[in-house]
Amino acid sequence: MLLGVDVGGTFTDAVLAVDGRIVTAKSPTTPEDQSIGVMSAVATALQRAGRSAEEVEVFAHGMTVATNALLEGVGARTALVATEGFTDLIALGRQNRADLYRLCAARPAPLVPDELRFGAPERMTPDGPLRPLDADGAEEIARRVAQSGAEAVAVVLLHSYRHPEHECAIGEALARVLPDAHVSLSHEVVGTFREYERAATTEVDAALTPLLRRYLRGLVERAVESGLPEPAIMQSGGGLIDAAAAGRHAAWMVLSGPAAGAAGGAYVAAAAGSPDVLCLDMGGTSADVCVIDGGAVRERSSGVLAGRPIALPMLDVHTVGAGGGSIAWRDAGGALRVGPRSAGADPGPACYGRGGTEPTVTDANLVLGYLSPDHDLAGGVALDRDAAENVVETLAGELGLETIACAEGIIRVANAEMVRALRVITVERGVDPRRYGLLAFGGAGPLHAAAIADELGIRTIVCPRASGVLAALGLIVAPRRRDAQRTVLLSGDALSAAAVRDAVQELGEQARRALGEPTADLSAVFELRYRGQAFELAVAAGVAPSPGELRDAFETEHEERYGYRDPTQELELVTVRVAATLAGTEPDLTAPDAMSPPVAEAGTRGAIFRGEPLETRVLRGSPPPGTRIEGPAVVELPEATLLVPPQWSGHTDPTGTIRLEREREREPEPEPEPEREREREPEPEPEPEPER
């Protein structure tokens, strides 16, 4: 019996795989201590399944503790130890900027203030020590850090990715002087070159790890007390690691929740026969989008979160602040805006009746008739239509709009934000979104899928039966995984098959040892560039490629990305990344969920489509395979709601997934050409009458 629990901004989702079927549950998220909501969702799932906690064999968990702390800029009191002369590295950063003409755009301030930055009397080069660090120097630095009152320490020395000896010496000295403080060593956290990105990532790791460790310690205690096994934690790269390892490096978990959703999306897409899809995971606070090619989520070697570089492998997920709880507001110029501020779980949207006083996307969906005021949402949330109308009407008055027009505007603005996010991961990278389907999940994703698909020219929508809890399902199917990476900088004669094989073998043993499985499967990614280029392209070429195979893979990727290749240029292998994985389970999605109510006609209700009220068919429950659905319709799934506008229709496949297709518009028939009149002799003009 397998258990997956994912914490979202509004709800905490649980999925239990037992006896070949899936049992789901939702519970409100508890921001003050997420573990309370986790255990509530687990208790509900176990009760629905009629099982006990002691029967659970695997407990997988995805959470937003590290993500929220980074977004809010909170963390432990952190010190930085860097090579003398480089202590302001994290403040200087890079000179590039996201918006070229916004000269006054502020970057996020470093998590380590000036007074907590310490210079180490050492200097390492790529070839070894230029200024050795003696024992007295390491002890002196440790004493100065201890006197500062730091709770955590980030140690980032030049070229430690190749020669970590000085970092290890400082780490040992800090452990003796500050045994209760957390110490992050950059060669352990990152292990690759580019000192600023390595420093920024290590700083994040040091500042957030004490918070994450406290949360995980409390969760483990609650789980063990209730009879559950210790949880395995989802990493940003889409694999699970044990709670103890997760508690040592928070930077590995900054995209834990979105990665779980992407893993669930990839599994369902492959099971439904749609291996090429764009994922839209819209929850209560944000929307996450990613590309799935051939049933696999695209990965990247690094990313940026809250304006801070994270130099670690992660799934290529893009996030925007557009969720069901995103607040609609009027800006100083009189325009309607939505998000990024969210009503969250407490008080939540106004229609939840918990004290919310501002209009949200969920309120607008209720006003437009897409949600039912007579049927509770998953998690037992009753909806108050009058409260939703009141807050939307107030905003409409500020904007000079009718209430319905304002509600439609809220939906359009939120959709535009999600369309922009999808264009970032497709059009801006040379990917045509029209050749993909749109996999919509999350509690709110299926409500907005059709409008977003229309905007992008996508003609197929895939909505899983468990769309409202798909991230929790992703935790069950995710593999266990550990990564190891190193910058090698090999070119010319040094770039040989033996050198590549040795690097992969050493990193593979390191990853397998960290995973605790000496026979785990290995996969490798190689980051290459033409000698002299500033950045690399990542390619997969097996675990023992020859230099020729690496060049072929790189130049194919280079030509696809940039439009050309240059066989005369020298190739440089910059970084090798190796992952050790153990495959997750594969629950049978065709098995019916005995806990979900069978589909039932719930009559019709009025809903607004493009400003026009239409009687809309309502289906409640999980449609069995073969069910035909014609728009306009609303399908109230157990944990989500699917909106089927006019011109969209589809059916339920054997896995319970609903597939919708957009009707192709008929081209207007050409008008018949007018018959040509016969040429006729011009009639003679009448002679003028004689003057009288």
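Q: Which residues have the most contacts inside the largest nonpolar core, and how many residues does this core have?
A: In this predicted model, the largest nonpolar core has 69 residues. Those with the most contacts inside it are Ile410, Leu422, Leu438, Ile452 and Ile658. Helix 12 (residues 403–425) gives the largest share of this core, 10 residues. Apart from this core lies another, of 53 residues, with Ala207, Val220, Ala245 and Leu305 among them.

Q: What is Ile452 in contact with, leaving aside its neighbours within four places in sequence?
A: Contact means heavy atoms within 4.5 Å. Ile452 is in contact with Leu280, Asn415, Met418, Val419, Leu422 and Leu438, once neighbours within four places in sequence are left aside.

Q: Why is Thr87 called buried?
A: The relative accessible area of Thr87 is 19%. Buried means under 20%, so Thr87 is buried. Thr87 is found in the loop between strand 5 and helix 3 (89–92). Not counting residues up to four places away in sequence, Thr87 touches Leu80, Ala82, Arg117, Phe118 and Gly119.

Q: Why does Val431 count as buried?
A: Val431 has 9% relative accessibility, and the cut-off for buried is under 20%; therefore Val431 counts as buried. Val431 lies in the loop between helix 12 and strand 23 (437–441). Arg298, Ile425, Thr426 and Tyr436 are touched by Val431, not counting residues up to four places away in sequence. The C-alpha atoms of Val431 and Arg480 are separated by 30 Å, with their positions 49 residues apart along the chain.

Q: Why is Ala497 called partly exposed?
A: Ala497 has a relative accessible area of 33%. Buried is under 20% and exposed is over 50%, with partly exposed in between, so Ala497 is partly exposed. The place of Ala497 is in helix 15 (residues 497–515). Leaving aside neighbours within four places in sequence, Ala497 is in contact with Pro545, Ser546 and Pro547. Ala497 and Gly397 are 100 residues apart in sequence and 70 Å apart in space, C-alpha to C-alpha.

Q: What makes helix 14 (residues 470–477) mostly covered?
A: In helix 14, 8 of its 8 residues are buried. These are Leu470, Ala471, Ala472, Leu473, Gly474, Leu475, Ile476 and Val477.

Q: Why is Cys463 not in a bond with Cys279?
A: The closest cysteine sulfur to that of Cys463 is in Cys279, 12 Å away. A disulfide needs sulfur atoms within 2.5 Å, so this pair is too far apart for a bond. Cys463 is also buried, with a relative accessible area of 1%.

Q: How many disulfides does the structure hold, and where is the nearest cysteine sulfur to Cys351?
A: The structure holds 0 disulfides. For Cys351, the nearest cysteine sulfur is that of Cys406, 15 Å away, and Cys351 is in no disulfide. Cys351 counts as buried, at 0% relative accessibility.

Q: How many cavities of 30 Å³ or more are there, and what lines the second largest?
A: The count comes to 3 cavities of 30 Å³ or more. The second largest cavity has a volume of about 50 Å³. Its lining consists of Ala82, Thr83, Phe86, Leu89, Val156, Leu157, Leu158, Glu195 and Arg198. Strand 5 (78–83) and helix 7 (195–226) are the elements that give two or more residues to this lining. The lining residues of the second largest cavity divide into 6 nonpolar, 1 polar and 2 charged.

How values were computed:
Residues numbered from 1 in each chain as written. Predicted model: local features only at pLDDT ≥ 70, side-chain atom pairs only at ≥ 80, totals over all residues. Heavy atoms only, no water. Core = buried A, V, L, I, M, F, W, Y, C linked by side-chain atoms within 4.5 Å. Buried < 20%, exposed > 50% of the residue type's maximum accessible area, 1.4 Å probe, protein only. Helix = DSSP H or I, 4+ residues; strand = E, 2+ residues; numbered from the N terminus. 1 Å grid on protein atoms, 1.4 Å probe; cavity = no way out; pocket = protein on both sides within 12 Å on 5 of 7 lines; lining within 4 Å. Points joined across faces, edges and corners; volume = space filled by probe spheres on them. Nonpolar A, V, L, I, M, F, W, Y, C, P; charged D, E, K, R; others polar.
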